[in-house]
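Reader: Got a minute? I've just opened this one and I'd like to go through it with you.

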Amino acid sequence: MWKALKRVLGRPPGTGAEEADVLSLRRQIQELRLEAAERQRRLAVLETDLQRAQAGQKSSAEQAVQARIEQLLAACAPAVSQLVTQAHLVEVGGVSVPALDVLRVARRLVRALEDHGLEIDRQPGAAVAFDPACHEPISHDTAIRPGEPALVRFVGVRYQGKVLRKAGVAPA
């Protein structure tokens with residue numbers, strides 16, 4: 001059998017050339033193992049860096065949201081304080097607070113919200129063409145078709161173009 005292999009391979013087993021080939025292959029395998037280990041190490045470092053960056057972005061976003069909310073609440077705080085005080089005077093103190101005073105404070109609160117992006121859609125009494133995306137009938141018994149004239153009874157509210165509350169309308 002060795003003779004057959006010798007003829008096929010052209011050299012006898014255990015020669016220096018074969019051992020050199022085996023050593024060369026072993027060296028290449030070891031180099032590939034080291035290269036793979038280095039790539040794994042770099043991948044682990046990159047994954048850690050990515051996780052750290054994502055956590056930093058999340059923290060930054062949360063801080064920005066918190067700052068924005070704080071600005072909104074700071075703008076609304078004086079009006080809220082006055083409304084709570086007025087409610088206390090009426091409910092506990094038995095003091096009569098003029099409705100006009102309450103409305104003034106409520107308007108200041110609405111203005112503060114508008115300064116932060118809230119949009120009031122139409123005013124009560126405004127004539128509109130009914131649009132089911134922006135309007136809803138104030139009575140479920142009333143059917144208004146798109147495009148039909150209607151009157152706004154309750155204003156709609158939007159924020160950044162998104163309808164938060166549809167305007168309540170009645171047939172014109």
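**Loops, strands and salt bridges**

Reader: Let's start with R122. Buried or exposed?
Author: In between: R122 is partly exposed, at 44% relative accessible area. Buried means under 20%, exposed over 50%, and partly exposed in between, using a 1.4 Å probe and protein chains only.

Reader: Before we go on, what am I looking at?
Author: A predicted model, where local features need pLDDT of at least 70, side-chain atom pairs count only at pLDDT 80 or more, and totals for chains, interfaces and linings use all residues. Numbering runs from 1 along each chain as its sequence is written, and side-chain values use heavy atoms, with hydrogens and water left out.

Reader: Okay, back to R122. Where does it lie?
Author: R122 is in the loop between strand 1 (118-121) and strand 2 (127-129). Strands here are DSSP runs of E with at least two residues, helices are runs of H or I with at least four, and both are numbered from the N terminus.

Reader: What about the phi of R122?
Author: The phi is positive, about 70°, although R122 is not a glycine. Most residues other than glycine have a negative phi.

Reader: Which other non-glycine has a positive phi?
Author: Q160 is one, with a phi of about 50°. Q160 sits in the loop between strand 5 (156-159) and strand 6 (162-165), and with 66% relative accessible area it is exposed.

Reader: And who's R122 tied up with in a salt bridge network?
Author: The network links R122 with D121 and R158. A salt bridge here is a side-chain nitrogen of Lys or Arg within 4 Å of a carboxyl oxygen of Asp or Glu.

Reader: Tell me about D121. Buried or exposed?
Author: D121 counts as buried, at 15% relative accessibility, and belongs to strand 1. Its side chain also makes a polar contact of 3.4 Å with the side chain of R158. A polar contact is a pair of N or O atoms within 3.5 Å; within protein, one must be able to donate a hydrogen and the other to accept it, and residues adjacent in sequence count only if both atoms are side-chain atoms.

Reader: What else does D121 touch?
Author: Setting aside residues up to four places away in sequence, D121 touches C134, V155, G156 and R158. Touching, or contact, means heavy atoms within 4.5 Å.

Reader: Now R158. Where is that one?
Author: R158 is in strand 5 and counts as buried, at 18% relative accessibility. Beyond neighbours within four places in sequence, R158 is in contact with G117, L118, E119, D121, C134, V163 and L164.

Reader: How far apart are R158 and G117?
Author: Their C-alpha atoms are separated by 8.4 Å, while the two residues are 41 apart along the chain. G117 follows helix 3 and has a positive phi, near 110°.

Reader: What does helix 3 span?
Author: Helix 3 covers residues 99-115, 17 in number, and reaches 24 Å from first C-alpha to last, close to the 24 Å expected at 1.5 Å a residue. The expected span is 1.5 Å times one less than the number of residues.

Reader: Which salt bridge sits in that helix?
Author: R104 and D101 form one, at 3.4 Å from N to O. Both lie in helix 3, three residues apart, about one turn of the helix. R104 is partly exposed at 47% relative accessibility, and D101 is partly exposed at 30%.

Reader: How many salt bridges does the structure hold?
Author: Eight. Among them is R41 with E38, whose closest N and O atoms are 2.7 Å apart. R41 and E38 are three residues apart in helix 2, so about one helical turn separates them.

Reader: Which pair is another of those?
Author: R52 and D49, at 3.6 Å from N to O. They too are three residues apart in helix 2, about one helical turn. R52 is exposed at 56%, whereas D49 is partly exposed at 37%.

Reader: Last thing: which residues form a nonpolar patch on the surface?
Author: V65, I69 and L73, with about 270 Å² of accessible area together. That area comes from the Shrake-Rupley method with a 1.4 Å probe, and for residues only the protein chains shown count as cover. Patch residues have over 30% relative accessible area and no salt bridge; nonpolar side chains (Val, Leu, Ile, Met, Phe, Trp, Tyr) are joined within 5 Å, like charges within 9 Å.

Reader: And L73, buried or exposed?
Author: Exposed, at 54% relative accessibility. L73 lies in helix 2, which covers residues 16-91.
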